[in-house]
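Subject: Structure handover and notes

Hello,

Here is the structure you were going to look at. My notes follow below it.

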Amino acid sequence: MKAETKDNPWQAKSTEKKAAFMDGVYACVPTLLGYLSIGFAAGVVAKTAGLSVLEITLMSLLLYAGSAQFIAASMIGASFSVIAIAITIFFINIRHLLMTAALAPYLKNLSIGKNILIGAQVTDETFGVAANSLPNMNGNRFYWMLGLNITAYINWVLANVLGGLFGELVTDISALGIDFALPAMFAGLLVLQMISRSKYAIDLTVALLAIALVIGVHYLIPGSWSVIIATLIATTIGMVIKQWK
């Protein structure tokens, strides 16, 4: 008598979740070098500010925000009050509300708890990867985001701890050139997004326009405001061109 074979739906779902999680891990790989370099620098800065390796680890685990950790370490070293540090960190990280709002339409079918879990782990880098991948994804987005976010989280904490452990051996961080790693990483993510969109005319037009605007506006308004103004103008024009076509 021939035994009948039946598919196990629970096993199939488990396999799908594992596959989605590992896809998220692989998607995070291009950002790892940027995390290691900037995370190491953050650990060095925190160590220089007088924090112990344990305190650096806890800051990395609980705060988990590169720019906020740099500023928090500097403010701690300058003996600012806890309230002043907390308020500063709040305004620095408020941009995460915009990033998670941009990802929300692709995760709207998830429960509130799962959205909170994902949103709490989103960083600038994982947002860049997710914004490029989620619109074209048909698989399990929750486990994909978990794989992406957890990989970035572990890598960041490890880099911070290494910076705290070996920070005393680094006398000049700028001499290592690791501050270039983060812009280079975002440039790579931008190129990948442009390739996946296959709308080279619009993307190149906006990119060249943004460069020209940064240079032009910088002569009128020196400082980082030129970057913000150029970005707003260039993206607005790109949106108009996209709608017009």
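What percentage of the 245 residues of the protein count as buried? The figure is 33%. Please keep in mind throughout that this is a predicted model.

Overall layout

The protein has 12 helices and 0 strands. Read from the N terminus, its elements run α-α-α-α-α-α-α-α-α-α-α-α. Among the contacts in the protein with a separation of 6 or more, 74% are between residues 24 or more positions apart.

Helices H2 and H4

I looked at the packing of helix H2 (residues 32–48) with helix H4 (residues 66–77). Their axes come within 9 Å and cross at roughly 10°. Angles under 35 degrees count as roughly parallel, and H2 is therefore roughly parallel to H4. On the H2 side the contact involves Ile38, Ala41, Ala42, Val45 and Ala46, and on the H4 side Phe70, Ala73 and Ser74. Sorted by class, this contact of H2 with H4 holds 7 nonpolar residues, 1 polar residue and no charged residues. Ser74 is the polar one, because Ala, Val, Ile and Phe count as nonpolar.

The loops on either side of H4

Two residues other than glycine have a positive phi here. Tyr64 lies in the loop between helix H3 (53–62) and H4, and its phi is near 50°. Ser79 is in the loop between H4 and helix H5 (82–93), with phi near 65°. Are these two residues buried or exposed? Tyr64 counts as buried, because its relative accessibility is 9% and the limit for buried is under 20%. Ser79 is exposed, with a relative accessible area of 64%.

Aromatic pairs

How many aromatic pairs does a search of the whole structure find? There are 4, and I describe two of them here.

One is Phe90 with Phe91: the ring centres are 5.3 Å apart and the planes stand at 80°, so the pair is edge-to-face. Phe91 has 55% relative accessibility and therefore counts as exposed.

Another is Phe142 with Tyr143, which is also edge-to-face, at 5.1 Å centre to centre and with 85° between the planes. An angle over 60 degrees is what counts as edge-to-face. Which of its two partners is buried, and which is partly exposed? Phe142 is buried, at 7% relative accessible area, while Tyr143 counts as partly exposed at 24%. Phe142 has a further neighbour: Lys114 lies over the face of its ring, at 4.8 Å from the ring centre.

Asn155 in helix H9

The last item is Asn155, which is found in helix H9 (residues 141–166). At 11% relative accessibility, Asn155 counts as buried. What does Asn155 touch, leaving out residues up to four places away in sequence? The contacts are Leu32, Tyr35 and Leu36. These three residues fall within the range of H2, residues 32–48, so Asn155 links this last item back to the helix discussed at the start.

Those are the points I noted.

Regards

Conventions
Residues numbered from 1 in each chain as written. Predicted model: local features only at pLDDT ≥ 70, side-chain atom pairs only at ≥ 80, totals over all residues. Heavy atoms only, no water. Phe/Tyr/Trp six-rings, centres within 6.5 Å; stacked < 30°, edge-to-face > 60°. Buried < 20%, exposed > 50% of the residue type's maximum accessible area, 1.4 Å probe, protein only. Lys NZ or Arg CZ within 6 Å of the ring centre and 35° of its normal. Helix = DSSP H or I, 4+ residues; strand = E, 2+ residues; numbered from the N terminus. Contact = heavy atoms within 4.5 Å. Axes fitted to C-alpha atoms, helices over the stretch in contact; angles between N-to-C directions. Parallel < 35°, antiparallel > 145°, perpendicular 65-115°, else oblique.
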